[in-house]
Amino acid sequence: MAKDWIFKSKVYAMAAEQLRETGKWAGIDKNIIARLSMPKRSTIVSLPVKMDDGHVEEFIGYRVQHQITCGPGKGGLRYHPDVDLGEVVALAMWMSWKCGLMKLPFGGAKGGVNCDPGRLSAQETERLTRRLTYELLPVIGPQMDVMAPDVGTNAQTMAWIMDTYSQNLGVSTPEIVTGKPVEIGGIEGRRGATGYGVAVCVREMCEREGLKLKGQRVVVQGFGNVGSYAAENLWEWGAKIIGIADVTGGYIETKGFDINDAIQYVKKNGTLKGYACDKTVSSQEILELPCDILVPAALQRVITSKNAENLDCKFIGEGANGPTTPAADEILEKKGIKVVPDILCNAGGVTVSYFEWVQGIQRDFWTRAQVNQRLNDKMCSTFATVYDTAVEQSVTMRRAALGLGIKAVAKQKEARGLYP
């Protein structure tokens, strides 16, 4: 039954296709590829939650550990109406390759609840989160599986998870989650880490491609945690952000947005709705706005065979997970549009999550400057490895990044063998 739920997912099919094709190219043992095509553990839980009006509503929650060969599972928790098992499995797979690529002692994991967080009160969200944590107690832990924020969740969500887990264990356990508030063991700079990493990769790509970042026209689809921080950093480094988008639509300003102003507007109003600009389009249409650099930083599968031909940019920096389908990749390659792939471009979040996990275990706290410097060094060195591999092997950066990440995980599997 679970296999049916997984195999029917277009997102899982996309991740599995990437694994198969990269495995062939990299010459990885087919038995290892077969093992990596399915998750080690998939947990599905029913979550009865008492709503504010007194009635009880049932939600479905998921937690998937794709593999834990080199350490505990690591991956975000998302609250979204489209969450299903296949999507969560695919996201966990991508986390495996990401951790392998970044040389982090984690396996890939992911979780989610099928819900609309925008329709839940703060009290309902807290009850949902605490119930989810309680149901997942047998399969999570600092050495088993460590959650982090994702779409629809935030630092407060992680605080509730940490508290629920700690209450049941009897001791404070900050290392059970990452991305939590600094006041209870979070790390300086975690909230903006993914977006900062995206900006670093875009900056490095410009340098390698002989472009000056200053003055480059950038479109950012998705103005949440990842997209807003990526836009903020790129804007501070001199790029011109001509397009931004969130769930309310796409906003275009040909002279470039004041990103600090846009961020403050969202903090005050919740979304970009009503924000002053030259022109508004749909959040999907903004992908086709002529620009130099496109940053899809929302959800997966937004660049497909239906719109890839219409994209007009020099390169793409993927802030979201899986925003480009394999069919679209082929079209982009023919058009000469290079892609800095998601498992590299948005790896800043999991990298700083690793720093926070270590900080929690050691009870040793780092400054924001220390965190940003270590993250910058890690992103730059990994970017250089991926870019150089792509050039040397005459392949796309996605193929190079996936090859390096999957090879790393495959070597871990081979070293440990098959038990029993």
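**Briefing: two open sheets and two nonpolar cores**

Helix 4 (residues 85-102) lies across strand 1, strand 2, strand 3 (73-80) and strand 4 (107-114), and runs at about 150 degrees to strand 4. The structure is a predicted model. Five strands make up one open sheet, and seven strands make up another. The largest nonpolar core has 91 residues, and helix 4 gives the most to this core.

**The five-stranded sheet**

- The strand order in this open sheet is 1-2-4-3-5, with mixed pairing.
- Strand 1 (41-50) and strand 5 (145-149) each have a single partner strand and stand at the edges, so one side of each is left without a neighbour in the sheet.
- On average, and with direction ignored, neighbouring strands of this sheet are turned by 25 degrees against each other.
- Strand 1 and strand 2 (residues 56-65) run antiparallel and are joined by 10 bridges.
- Within this pairing, Val 49 stands opposite Glu 57, a residue of strand 2.
- Helix 6 (residues 155-169) also packs on the sheet, where it touches strand 3 and strand 5. The direction of helix 6 makes about 150 degrees with that of strand 5.

**The seven-stranded sheet**

- This sheet is likewise open and mixed in its pairing, with the strand order 9-8-7-6-10-11-12.
- The edges are occupied by strand 9 (279-281) and strand 12 (338-340); each has a single partner strand, so one side of each is left without a neighbour in the sheet.
- Neighbouring strands here are turned by 20 degrees against each other on average, again with direction ignored.
- Five bridges link strand 6 (residues 217-221) to strand 7 (residues 240-246), and the two pair in the parallel sense.
- Val 218 stands opposite Ile 241 of strand 7.

**Nonpolar cores**

- In soluble globular proteins, nonpolar side chains tend to be buried together.
- In the largest nonpolar core, of 91 residues, those with the most contacts inside it are Trp 97, Phe 223, Ile 244, Val 340 and Met 397.
- Helix 4 contributes 13 residues to this core.
- Beyond its neighbours within four places in sequence, Met 397 is in contact with Met 205, Val 339, Val 340, Pro 341, Leu 344, Phe 383, Val 386, Tyr 387 and Ala 390.
- Another core, of 22 residues, lies apart from the largest one; Val 45, Tyr 79, Met 158 and Ile 176 are among its members.

Note on methods. Residues are numbered from 1 along each chain as its sequence is written. This is a predicted model: local features need pLDDT of at least 70, side-chain atom pairs count only at pLDDT 80 or more; totals for chains, interfaces and linings use all residues. Side-chain values use heavy atoms; hydrogens and water are left out. Two strands pair if DSSP finds at least two bridges between them. Helices (H or I, at least four residues) and strands (E, at least two) are DSSP runs, numbered from the N terminus. Axes are lines fitted to C-alpha atoms, for helices over the stretch in contact, and angles run from 0 to 180 degrees between N-to-C directions. Contact means heavy atoms within 4.5 Å. A nonpolar core is a set of buried Ala, Val, Leu, Ile, Met, Phe, Trp, Tyr and Cys residues joined through side-chain atoms within 4.5 Å. Buried means under 20% relative accessible area, exposed over 50%, partly exposed in between (1.4 Å probe, protein chains only).
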